[in-house]
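Visitor: I should like a close look at a single part of this model, set in its surroundings.

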Amino acid sequence: MLALTNELPRELAKYYNDDNTFTQAEAPRVIKHYCCPVCWGELSEIYIQGEARVVIACPVHGNVCDIGRIMKSSAALMMEKAHFQYAVVIRNLPDLWGQFRDQPKKSRAASLAEMGF
Ligand SMILES: [Zn+2]
């Protein structure tokens with residue numbers, strides 16, 4: 001198994017071409033604006049020994065030219081939408097997620113009494 005480093009050995013350069021690599025000028029912009037489409041994690045720049053082009057990959061899911069990429073702004077919108085759906089799911093599946101339902105607020109006096117004051 002290949003150790004995870006920030007540089008690929010020269011022997012692997014034959015697997016990479018202009019279609020699955022980026023120029024060193026493109027790479028920072030891609031990394032800044034895009035994330036992994038699977039885990040929405042940060043992308044990394046991986047250099048190929050002796051090559052001017054770089055591979056951009058998710059450390060877990062691989063090359064973005066194979067798995068795709070998603071804009072960080074789109075991922076943020078999906079996370080925000082999921083946050084709003086969370087409350088609906090918790091409310092609609094009380095037998096599975098009942099412990100996460102909003103608990104009735106305790107009065108200040110009840111909270112203080114619980115803490116021993
Ligand atoms: Zn990933």
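How many residues of domain 1 are in contact with residues of domain 2? Please then concentrate on the part of domain 1 that holds strand 4.

Guide: This is a predicted model, in which local features need pLDDT of at least 70 and side-chain atom pairs count only at pLDDT 80 or more, whereas totals for chains, interfaces and linings use all residues. Residues are numbered from 1 along each chain as its sequence is written.

To the question first: 5 residues of domain 1 are in contact with 4 residues of domain 2, contact meaning that the C-beta atoms, placed from the backbone, lie within 7 Å. On the domain 1 side, the residues that touch domain 2 comprise 4 nonpolar, no polar and 1 charged. Here Ala, Val, Leu, Ile, Met, Phe, Trp, Tyr, Cys and Pro count as nonpolar, Asp, Glu, Lys and Arg as charged, and the others, Gly among them, as polar. Domain 1 spans 7-72 and domain 2 spans 73-114, with bounds that come from an automatic or database domain assignment. Their centres, taken over C-alpha atoms, are separated by 38 Å.

The whole chain gives the setting. It contains 5 helices and 6 strands, in the order β-α-β-β-β-β-α-β-α-α-α from the N terminus. These elements are DSSP runs numbered from the N terminus, helices being H or I over at least four residues and strands E over at least two. The chain has a radius of gyration of 23 Å, well over the 13 Å that the globule rule gives for 117 residues, so it is more spread out than a compact globule. That radius is taken over C-alpha atoms, and the rule is 2.2 Å times the number of residues to the power 0.38. Along the principal axes, the C-alpha atoms fill a box of roughly 70 × 30 × 30 Å. Buried residues account for 11% of the 117 residues. A residue is buried if 20 or more other C-beta atoms, placed from the backbone, lie within 10 Å of its own, exposed if 12 or fewer, and partly exposed in between.

Against that background, strand 4 merits attention: 5 of its 5 residues are buried, so the strand is largely enclosed by the rest of the structure. Val54, Ile56 and Cys58 are buried on one side, and Val55 and Ala57 on the other, so that both faces are covered. In a regular strand, side chains alternate between the two faces of the sheet.

Strand 4 belongs to an open sheet of 4 strands in the order 1-3-4-5, with mixed pairing. The edges are taken by strand 1 (7-8) and strand 5 (62-63), each with a single partner strand, so one side of each lacks a neighbour in the sheet. Two strands are said to pair if DSSP finds at least two bridges between them.

On one side of strand 4 (residues 54-58) lies strand 3 (residues 44-48), paired with it in the antiparallel sense over 4 bridges. Ile56 is the bridge partner of Glu45, and Val54 stands opposite Tyr47. Helix 1 (residues 26-33) packs on the sheet, touching strand 3 and strand 4, and its direction makes about 10 degrees with that of strand 4. The axes behind this value are lines fitted to C-alpha atoms, for helices over the stretch in contact, and angles run from 0 to 180 degrees between N-to-C directions.

Tyr47 also links onward, as the bridge partner of Glu7; strand 1 and strand 3 pair in the parallel sense over 2 bridges. Strand 5 runs antiparallel to strand 4 and is joined to it by 2 bridges, with Asn63 as the bridge partner of Ala57. The hairpin between strand 4 and strand 5 passes through 3 residues.

Strand 3 and strand 4 likewise form a hairpin, with 5 residues between them, where Gly50 in the turn has a positive phi of about 75 degrees. Glu51, in the loop between these two strands, is partly exposed, with 15 other C-beta atoms within 10 Å. The C-alpha atoms of Glu51 and Arg10 are separated by 8.3 Å, although the residues are 41 apart along the chain.

Technical notes
Contact = placed C-beta atoms within 7 Å.
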